[in-house]
Amino acid sequence: MKVNLTPKPVNFKLGEYINKGFELLKKDFGNIFIAFLVCFIMSIIPFCGLLAMGNLYKYLQRLSRNQPASPGDIFNFNDFMPYFMLQLIVFGGVLLLYIPLFAVLGISGAMSGSNDPNPMVALFMVPYVFLLMAAIYYFVLKGFYIIPLISLKGITEIKEAWNISKVMTKGNLLSIFLFSLIVSILAQIGIVACGIGIFLTLPFLYTANYFAYEDAIQQIEYDEIIEIGSKNEF
């Protein structure tokens, strides 16, 4: 059965993803916690942070579908190159955003005295920091679905994943932002328990995100065989 993707804005179900994330975490907390620790350990390896996250989502997919799953599967490097390229692009993009700041600091340093700060720097910094944060949030939210498109659908071209994610997030940026904010706050509740408890609550961040990813991908999957069959009925 051939399944293709038809990118379209998804119906983002914020509350549903949070509830399902809690349910999956309660159902199999032990295995998910071990998988999270494996993901954490793998993230220490240079350029393997996003890969570890993607493999964890693969693991959660198998777990939620009652398929054979082992936390050791997270140490899989099949998707290393797409994530390596993605991290290089992100690094280059961040560096590009900071170039104007470096340029202004260099020019102002050359124009000001050794002890007198240049007032132009302060006038530039406030709007620049605002625009910088806005740009970062925009690209992060528009690229919300890049990781699942690589890991769960096997898309290896970063440009293709970016273009699909842009369409999927259309009209949903506020909902995705609120979802990410709420999930992050809930995942960090463990900090209250002297910081150690955060390791017990952080896995929720991944289970909730997984259901957001899984549902969105299901919404854009297009089954040609089913479509042909439905047309033949008429």
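## Exercises on a predicted model

Helix H4 provides the largest share of the lining of the largest pocket, 7 residues. Helices here are DSSP runs of H or I with at least four residues, strands are E runs of at least two, and both are numbered from the N terminus. This is a predicted model, in which local features need pLDDT of at least 70 and side-chain atom pairs count only at pLDDT 80 or more, while totals for chains, interfaces and linings use all residues. Residues are numbered from 1 along each chain as its sequence is written, and side-chain values use heavy atoms, with hydrogens and water left out.

**Exercise 1.** Describe the lining of the largest pocket by class.

*Solution.* Start with the classes: Ala, Val, Leu, Ile, Met, Phe, Trp, Tyr, Cys and Pro count as nonpolar, Asp, Glu, Lys and Arg as charged, and the others, Gly among them, as polar. Next, sort the lining: it has 25 nonpolar, 5 polar and 1 charged residues.

**Exercise 2.** Check whether the length of helix H3 (residues 49–64) agrees with its number of residues.

*Solution.* First, the expected span is 1.5 Å times one less than the number of residues. For the 16 residues of H3, that gives 22 Å. Then compare: the end C-alpha atoms lie 23 Å apart, which agrees. Just past the helix, H3 is followed by Asn66, whose phi is positive, near 60°.

**Exercise 3.** Decide how far H3 is enclosed by the rest of the structure.

*Solution.* Begin with the term: buried means under 20% relative accessible area, exposed over 50%, and partly exposed in between (1.4 Å probe, protein chains only). Now count: 12 of the 16 residues of H3 are buried, so the helix is largely enclosed by the rest of the structure. Among them are Leu51, Leu56, Tyr57 and Leu60.

**Exercise 4.** Place Gln87 in the structure and find its contacts beyond its neighbours within four places in sequence.

*Solution.* Step one: Gln87 belongs to helix H4. Step two: its relative accessible area is 19%, so Gln87 is buried. Step three: contact means heavy atoms within 4.5 Å. With neighbours within four places in sequence left aside, Gln87 is in contact with Phe47, Cys48, Gly49 and Leu50. Finally, take Gly49: in sequence, Gln87 and Gly49 are 38 residues apart, while C-alpha to C-alpha they are 9.2 Å apart in space. Gly49 is also one of the buried residues of H3.
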